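Please open the structure in your viewer and keep the selection tool at hand. This tour moves from one pair of charged side chains to the next.

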Amino acid sequence: YMANFSFDVFSSDLTRTLCSGGKMVICPMELLLNPAGMYGLMLREKIDCAEFVPAVLRTLTSHLQLTGQKLDFMRLLICSSDAWSIADCRSVLSVCGDKPRVVNAYGVTEATIDSTYMDIEPGKLRGEGFVPIGRPFPNTQTYVLDRHMEPSPIGVPGVLYIGGAGVARGYLKRPELNAEKFVADPFSRTPGARLYNSGDAARYLPDGNVEFLGRTDNQVKIRGFRIELGEIEAVLGKHPTVQQAVVVARELATGDLGLVAYLVAAVGQTIDVAALRTFIKLKLPAYMVPSAFEILEKIPLNANRKVDRKALPAPKKKSDDLVKDFAAPRTKNEEKLASIWSEVLQFSPVGIHDNFFELGGHSLMAIQVISRIRDRFGVELPLRNLFENPTVAELSVSIEAQGINGKPKSSPIVRLKRELVRAKPTLS
């Protein structure tokens, strides 16, 4: 198992393991993006079934392609929790051989985790889009419907609705949202049956499988988290220096999908990005804090006077507020750390006082940094160390305290004088 215990997939993975008489192996967080360590764990524990998110699977596959190692000792490999590109899927198949069975799964919490699955057949993968999400599990129904709640013809995009035994009762104390998302099932004869409106755009393929096309609303999914962009925009708009805010998900310089905030300053105000970042961190969880902030004179609009998201400029590799106080590395350790950050974040130069997370880093990248520190410094740092020491200068001090090349610094051994003390007898 490779996710947090609070993640909805844990319940299905635990049930699948225990009901089949198997053993669940918990993958330590520090191995998630340490492919050599993860592969070693899989071999030692004789893992024959594993479920990955695409980001972790991509890193593992790249390592195996370089080393020539295979996953042919497994029986079942599942990719889920995010859209899986056909290009990444082909890479996985290249290290699998004739086995394991490779499955792409799709599901949402509101429909009790997995709703559809597709067995991957290499010869049937076409194009460069997403791997189809397949057909529904038993006791589950899926429909691609138009705005009139009528079935969409083959090849015509619509919205994916999910029905069946797994559909939840609704959101707690959210009657308006329930009315929008949990609708009466027009195809069921069961009284009170409902469909869940997933908000995902999809279409039927000629072979009957469903293809995921993206979102129909302002919700995105990044690193397994479902995020409402409007919620972030609302928080940004409450800052006194911000007149207008638009948040989009787009590919960053690192190649990962990330959040970018485009801001227009209020009249007579200047936006301090560092202060704004601190402001939003106090109101939203870390995964909802944008990786990049771009300040514009005005937000581009289309002919209908709506925000033209396609016309928003690509985020810069590094914001001006982060480069104006650039300080070069002073020691060899700082040079090595700055080099690691440049490789992971995909830009340079990195100053010793630059904050890793303000440069666009996130938890998955942090795991990569810790893995490279282990390889190059011979030091095993806990992941929290980077969160507590997010600059090159601070982390360098932490590494030196741990010792270099696996030799922790310690005080010289001093012989202590000890005296033998005999206990005095006591009267009972």
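Select arginine 101 first in this predicted model; its relative accessibility is 43%, so it counts as partly exposed. Now add aspartate 119, whose side chain meets that of arginine 101 in a salt bridge, 2.5 Å from N to O. The pair links distant parts of the chain, with aspartate 119 in strand S4 (residues 113–119) and arginine 101 in strand S3 (residues 101–108), 18 residues apart. Aspartate 119 is also partly exposed, at 30% relative accessibility.

Next, select arginine 372 and glutamate 343. Their closest N and O atoms lie 2.7 Å apart, and the two residues form a salt bridge. This pair, too, links distant parts of the chain: arginine 372 belongs to helix H10 (residues 363–377) and glutamate 343 to helix H9 (residues 332–345), 29 residues apart. Arginine 372 has a relative accessible area of 25% and is partly exposed; glutamate 343, at 28%, is partly exposed as well.

Then turn to glutamate 51 and arginine 16, a salt bridge whose closest N and O atoms are 3.5 Å apart. Glutamate 51 lies in strand S1 (residues 49–52) and arginine 16 in helix H1 (residues 9–19), distant parts of the chain that are 35 residues apart. Is glutamate 51 buried or exposed? Its relative accessible area is 12%, under the 20% cut-off, so glutamate 51 is buried. Arginine 16, by contrast, is partly exposed at 31%.

Finally, add Asp13 to the selection: salt bridges that share partners join Asp13, Arg16 and Glu51 into one network. Across the model, the count comes to twelve salt bridges.

How values were computed
Residues are numbered from 1 along each chain as its sequence is written. This is a predicted model: local features need pLDDT of at least 70, side-chain atom pairs count only at pLDDT 80 or more; totals for chains, interfaces and linings use all residues. Side-chain values use heavy atoms; hydrogens and water are left out. A salt bridge is a side-chain nitrogen of Lys or Arg within 4 Å of a carboxyl oxygen of Asp or Glu. Helices (H or I, at least four residues) and strands (E, at least two) are DSSP runs, numbered from the N terminus. Buried means under 20% relative accessible area, exposed over 50%, partly exposed in between (1.4 Å probe, protein chains only).
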